[in-house]
Amino acid sequence: MSAVGMSPVSPGSGRPSGSGRPRGRRPRGQDTRADILRAARSEFAAKGFSMASLRGIARAAGVDPALIHHYFASKESLFAEAIVAHAHPDAIAARLSEVPLDQLGHRIAEIFLSVWDDDEGRVVFGALFRSVASNPGLESIMAQMIETQIFARVAAQREFTDAGRRMALVASQLVGLALMRYVVKLPALVAMSSAQLAAAYGPTLQRYLTGDLELPGVDDTPNG
């Protein structure tokens, strides 16, 4: 007779029957967070933000859904980080750390366009950016993620005045370029090469980074 309170054990299973996949942490040696991000990127790209579910992402990653809530604050933050992670923020920050300050705007444009324009990038980012365009709020979340995950590291390596505002302007400019080129597909932007776009956008990014942000005749007080 089984002890009171004990669950029946299936022969040879080694754990209570009906327990399903173990909950909690993945086996040691597996990067659970990275697995979730990869699965999320694939699910969001295939189904869009609205149709992809956290449960489906967990299933694709082979984890318990509770782990997603452990690592990510919301579906929106998971979406934004899945996009940014594909660009390898550490590698981008390292590459930018070696660029002379007066060339930084042009180099930022070059690096981001090289990520977006490669064979995988055009498919993945095109699908993901369509979700950004059709879901209000995702654009600002993604810009904030680019700012915090990439440009905060760049700013830490340099001595920028008003760094927060400068990095936010750069991030928003890049997100806007991505939406116009890969989602709206503005003919003139689609027709331009990555080198041409970097040359066109570089000076604007450079002004955001090192130029004077105070415009004559503009009230700089909040809501002014």
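Helices here are DSSP runs of at least four residues, numbered from the N terminus, and the model shown in every view below is a predicted one.

**Figure 1. The whole predicted model, with its 11 helices and 0 strands.** Followed from the N terminus on, the elements of the protein run α-α-α-α-α-α-α-α-α-α-α. Of the 224 residues in the protein, 41% are buried, and the accessible surface comes to about 12,400 Å², of which 55% belongs to carbon and sulfur atoms. Among contacts between residues at least 6 apart in sequence, 70% join residues at least 24 apart.

**Figure 2. Asparagine 135 in the loop between α7 and α8.** The loop that holds asparagine 135 follows α7 (119-134) and leads to α8 (138-157). Asparagine 135 counts as buried because its relative accessibility is 13%, and buried means under 20%. When residues up to four places away in sequence are not counted, asparagine 135 touches Phe49 and Ser50. With serine 50 there is also a polar contact, in which the two side chains are joined at 3.1 Å.

**Figure 3. Helix α6, a mostly covered helix of 14 residues.** Helix α6 takes in residues 104-117 and reaches 20 Å from its first C-alpha to its last, which is close to the 20 Å expected at 1.5 Å a residue. In this helix 10 of the 14 residues are buried, among them Leu104, Ile108, Phe112, Trp116 and Asp117.

**Figure 4. A salt bridge within helix α6, between arginine 107 and glutamate 110.** The closest N and O atoms of arginine 107 and glutamate 110 are 3.0 Å apart, and the two residues lie 3 residues apart in the helix, about one turn. An α-helix has 3.6 residues a turn, so residues three or four places apart point the same way. Arginine 107 counts as partly exposed because its relative accessibility is 27%, and glutamate 110 is also partly exposed, with a relative accessible area of 33%.

**Figure 5. A buried salt bridge, between aspartate 117 and arginine 181.** The side chains of aspartate 117 and arginine 181 meet at 3.0 Å, taken from N to O. Aspartate 117 lies in helix α6 and arginine 181 in helix α9, so this pair ties together parts that are 64 residues apart in sequence. Both aspartate 117 and arginine 181 are buried.

**Figure 6. A salt bridge between helices α5 and α8, formed by aspartate 90 and arginine 153.** In this pair the closest N and O atoms are 2.0 Å apart. Aspartate 90 belongs to helix α5 (residues 89-97) and arginine 153 to helix α8, so that distant parts of the chain, 63 residues apart, are linked. Aspartate 90 counts as exposed because its relative accessibility is 57%, whereas arginine 153 is partly exposed, with a relative accessible area of 28%. The count of salt bridges comes to 7.

**Figure 7. A nonpolar patch on the surface, formed by Met180, Val184 and Leu186.** Together, Met180, Val184 and Leu186 have about 230 Å² of accessible area. Methionine 180 is found in helix α9, which takes in residues 163-183. Methionine 180 counts as partly exposed because its relative accessibility is 32%, and partly exposed covers the range between under 20%, which is buried, and over 50%, which is exposed.

How values were computed. Residues are numbered from 1 along each chain as its sequence is written. This is a predicted model: local features need pLDDT of at least 70, side-chain atom pairs count only at pLDDT 80 or more; totals for chains, interfaces and linings use all residues. Side-chain values use heavy atoms; hydrogens and water are left out. Buried means under 20% relative accessible area, exposed over 50%, partly exposed in between (1.4 Å probe, protein chains only). A polar contact is a pair of N or O atoms within 3.5 Å; within protein, one must be able to donate a hydrogen and the other to accept it, and residues adjacent in sequence count only if both atoms are side-chain atoms. Contact means heavy atoms within 4.5 Å. Patches are made of residues with over 30% relative accessible area and no salt bridge: like charges are joined within 9 Å, nonpolar side chains (Val, Leu, Ile, Met, Phe, Trp, Tyr) within 5 Å. Accessible areas come from the Shrake-Rupley method with a 1.4 Å probe; for residues, only the protein chains shown count as cover. A salt bridge is a side-chain nitrogen of Lys or Arg within 4 Å of a carboxyl oxygen of Asp or Glu. The expected span of a helix is 1.5 Å times one less than its number of residues.
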